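Here's a walk through the structure below, taken one piece at a time. Keep the viewer open and follow along.

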Amino acid sequence: TFSDLVNPLNLYLPLFGGYLWLLFLGQYFARFGVKKTKAGAYLALALFFIMLVFNITATYFEYQKSSAAYLFFNNQTFLPIVAEAVCFFYLATFLKFGPKISCLISKSGSCAFGIVLMAELMIAVLTPYYLKLYAIVHPLLAVLVLELCVFAAGFAVTAVLKKIPLIKNYL
């Protein structure tokens with residue numbers, strides 16, 4: 001089946017999940033930098049669209065198997081989704097923003113580790129609201145709202161915790 005074909009594409013480590021891979025990749029980019037070249041941008045753009053088509057196709061086949069399973073991919077461990085995200089962030093380095101947007105991006109970037117650490121807690125806290133929303137709107141819209149709320153809540157909590165000197169260095 002299609003699921004058997006894509007299962008090896010999951011990057012899962014016991015105890016850590018897929019976040020560890022992303023942490024290593026982020027540390028590599030931060031330490032060694034990333035060369036911004038035209039060829040690299042074209043390659044990233046091509047890979048982004050290839051992964052996008054693959055993810056849509058994989059979701060379609062899973063949906064055909066079970067219409068309730070179209071949210072089955074785990075975005076933290078499924079290699080094609082992680083590759084798509086890496087390409088997106090590489091392409092984003094080519095964008096230029098004004099000082100206000102740059103400041104906002106910098107602040108949210110400085111809270112990213114805390115947001116990731118808080119994500120599971122925020123999902124647990126927000127799940128009852130998600131289920132109510134899921135009952136009245138399309139599931140994809142409900143998931144999108146949930147993810148935005150998880151990010152916003154994780155950002156708010158992390159930003160407050162970063163004001164505490166002892167915790168500041170760890171988030």
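Let's start with a pair of tyrosines. Tyr130 and Tyr134 sit four residues apart in helix 6, so about one helical turn separates them. That spacing matters for direction: an α-helix has 3.6 residues a turn, so residues three or four places apart point the same way. Bear in mind that this is a predicted model. How do the two side chains fare for burial? Tyr130 is buried, with a relative accessible area of 15%, while Tyr134 comes out at 39% and so counts as partly exposed.

Tyr130 also belongs to the largest nonpolar core, which has eight residues. Its companions there are Met118, Ala119, Met122, Leu126, Ala142, Leu146 and Val150. Two helices each put in at least two residues, namely helix 6 (112–136) and helix 7 (139–161). Helix 6 gives the largest share, with five residues. If you click on Met118, you'll find that it touches Gly154, Val157, Thr158 and Leu161, leaving aside residues up to four places away in sequence.

Now zoom out for a moment. The chain has eight helices and zero strands, so its pattern along the sequence reads α-α-α-α-α-α-α-α. Of its 171 residues, 23% count as buried. Take the contacts between residues at least 6 apart in sequence, and 72% of them join residues at least 24 apart.

Next stop, helix 3. This helix has 28 residues and reaches 41 Å from its first C-alpha to its last, close to the 40 Å expected at 1.5 Å a residue. Its buried residues are Gly40, Ala41, Ala44, Phe48, Met51, Asn55, Ala58 and Glu62. Asn55 deserves a closer look. Found in helix 3 (residues 38–65), Asn55 has a relative accessibility of 8%, and it counts as buried because the cut-off is under 20%. What does the side chain of Asn55 make a polar contact with? The partner is the side chain of Glu84, at 2.7 Å.

Glu84 takes us to helix 4, where it is buried along with Pro80, Val82, Ala83, Cys87 and Tyr90. The geometry of helix 4 (residues 79–92) checks out too: at 1.5 Å a residue its 14 residues should span 20 Å, and its end C-alpha atoms are 20 Å apart, which agrees.

Finally, the rings. The count comes to four aromatic pairs. One of them joins Phe48 and Phe49: the ring centres are 5.3 Å apart and the planes lie at 85 degrees, so this pair is edge-to-face. Buried or partly exposed, which is Phe48? At 18% relative accessibility Phe48 counts as buried, whereas Phe49, at 44%, counts as partly exposed. Then there are our tyrosines again: the rings of Tyr130 and Tyr134 have centres 5.7 Å apart and planes at 50 degrees, so they make a tilted pair. One last ring to visit is that of Phe94, where Lys36 lies over the face at 5.7 Å from the ring centre.

Note on methods. Residues are numbered from 1 along each chain as its sequence is written. This is a predicted model: local features need pLDDT of at least 70, side-chain atom pairs count only at pLDDT 80 or more; totals for chains, interfaces and linings use all residues. Side-chain values use heavy atoms; hydrogens and water are left out. A nonpolar core is a set of buried Ala, Val, Leu, Ile, Met, Phe, Trp, Tyr and Cys residues joined through side-chain atoms within 4.5 Å. Buried means under 20% relative accessible area, exposed over 50%, partly exposed in between (1.4 Å probe, protein chains only). Contact means heavy atoms within 4.5 Å. A polar contact is a pair of N or O atoms within 3.5 Å; within protein, one must be able to donate a hydrogen and the other to accept it, and residues adjacent in sequence count only if both atoms are side-chain atoms. The expected span of a helix is 1.5 Å times one less than its number of residues. Rings of Phe, Tyr and Trp (its six-membered ring) pair if their centres lie within 6.5 Å; planes under 30 degrees apart count as stacked, over 60 as edge-to-face and the rest as tilted. A charge sits over a ring if NZ of Lys or CZ of Arg is within 6 Å of the ring centre and within 35 degrees of the ring normal.
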